[in-house]
Amino acid sequence: MRLRDPSNTQRELRDRREALGYPELSTHSFRKTVATIFDREGLSATEIADYLGHENPSMTQDVYINTLKGSTKAAEVMGRRLEGLI
């Protein structure tokens, strides 16, 4: 197996996001989404941190799973927009 050239990978991701109509999405967006899903399913911060490769669960809580403190309106909007893509 050969390693991919990071610039080619980034270009392909950018092209795909633009084709889908979501040019602002980043790989960080997907990581945050996964962390939020795990949090809502009841996984602990330690379990989520381990999955994401974080050494410190508090960083995971502060950066990735703090989304549940506010409104769920944004998540509902994303759910509607992504419906049918999964």
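Me: How do I read the crossing of H2 and H3, and is it left-handed or right-handed?

Reply: Good place to start. Handedness depends on which way the near helix is turned from the far one: clockwise, by less than a right angle, counts as right-handed. In this predicted model, the crossing of H2 and H3 is right-handed.

Me: At what angle do H2 and H3 pack, and how far apart are their axes?

Reply: Helix H2 spans residues 27–40 and helix H3 residues 45–52; they pack at about 150°, and their axes are 10 Å apart. Angles over 145 degrees count as roughly antiparallel, so H2 is roughly antiparallel to H3.

Me: Which residues make the contact?

Reply: A contact needs heavy atoms within 4.5 Å. From H2 come Arg31, Val34, Ala35, Phe38 and Asp39, and from H3 come Ile48, Tyr51 and Leu52. By character, 6 of the contact residues are nonpolar, none is polar and 2 are charged.

Me: Now to H3 by itself. Which of its residues are buried?

Reply: The cut-off to keep in mind is a relative accessible area under 20%. In H3, the buried residues are Ala45, Ile48, Ala49 and Leu52. They sit on the same side of H3, because they cover an arc of only 100° around the axis.

Me: What does the face turned away from the buried side carry?

Reply: That face of H3 has the exposed residues Thr46, Asp50 and Tyr51. As for the buried residues of H3, their cover includes H2 and helix H4 (57–63).

Me: What follows H3 in the chain?

Reply: Gly53 does, and its phi is positive, near 85°.

Me: Could we follow one buried residue? What is the relative accessible area of Ala45?

Reply: Happily! Ala45, which belongs to helix H3, has a relative accessible area of 15%, so it is buried. Setting aside neighbours within four places in sequence, Ala45 is in contact with Pro57, Thr60, Gln61 and Ile65. For a sense of spacing, Phe30 is 15 residues from Ala45 along the chain, and their C-alpha atoms are separated by 17 Å.

Me: Let's take Ile65 from that list. Where does Ile65 lie, and is it buried or exposed?

Reply: Ile65 is in the loop between H4 and helix H5 (73–82). At a relative accessible area of 12%, Ile65 is buried.

Me: Which residues does Ile65 touch?

Reply: Not counting residues up to four places away in sequence, Ile65 touches Ala35, Thr36, Asp39, Ala45, Ile48 and Thr60. Leu85, 20 residues from Ile65 in sequence, is 24 Å from it in space, C-alpha to C-alpha.

How values were computed
Residues are numbered from 1 along each chain as its sequence is written. This is a predicted model: local features need pLDDT of at least 70, side-chain atom pairs count only at pLDDT 80 or more; totals for chains, interfaces and linings use all residues. Side-chain values use heavy atoms; hydrogens and water are left out. Axes are lines fitted to C-alpha atoms, for helices over the stretch in contact, and angles run from 0 to 180 degrees between N-to-C directions. Helices (H or I, at least four residues) and strands (E, at least two) are DSSP runs, numbered from the N terminus. Angles under 35 degrees count as roughly parallel, over 145 as roughly antiparallel, 65 to 115 as roughly perpendicular and the rest as oblique. Ala, Val, Leu, Ile, Met, Phe, Trp, Tyr, Cys and Pro count as nonpolar, Asp, Glu, Lys and Arg as charged, and the others, Gly among them, as polar. Buried means under 20% relative accessible area, exposed over 50%, partly exposed in between (1.4 Å probe, protein chains only). The arc is that of the directions from the helix axis to the C-beta atoms.
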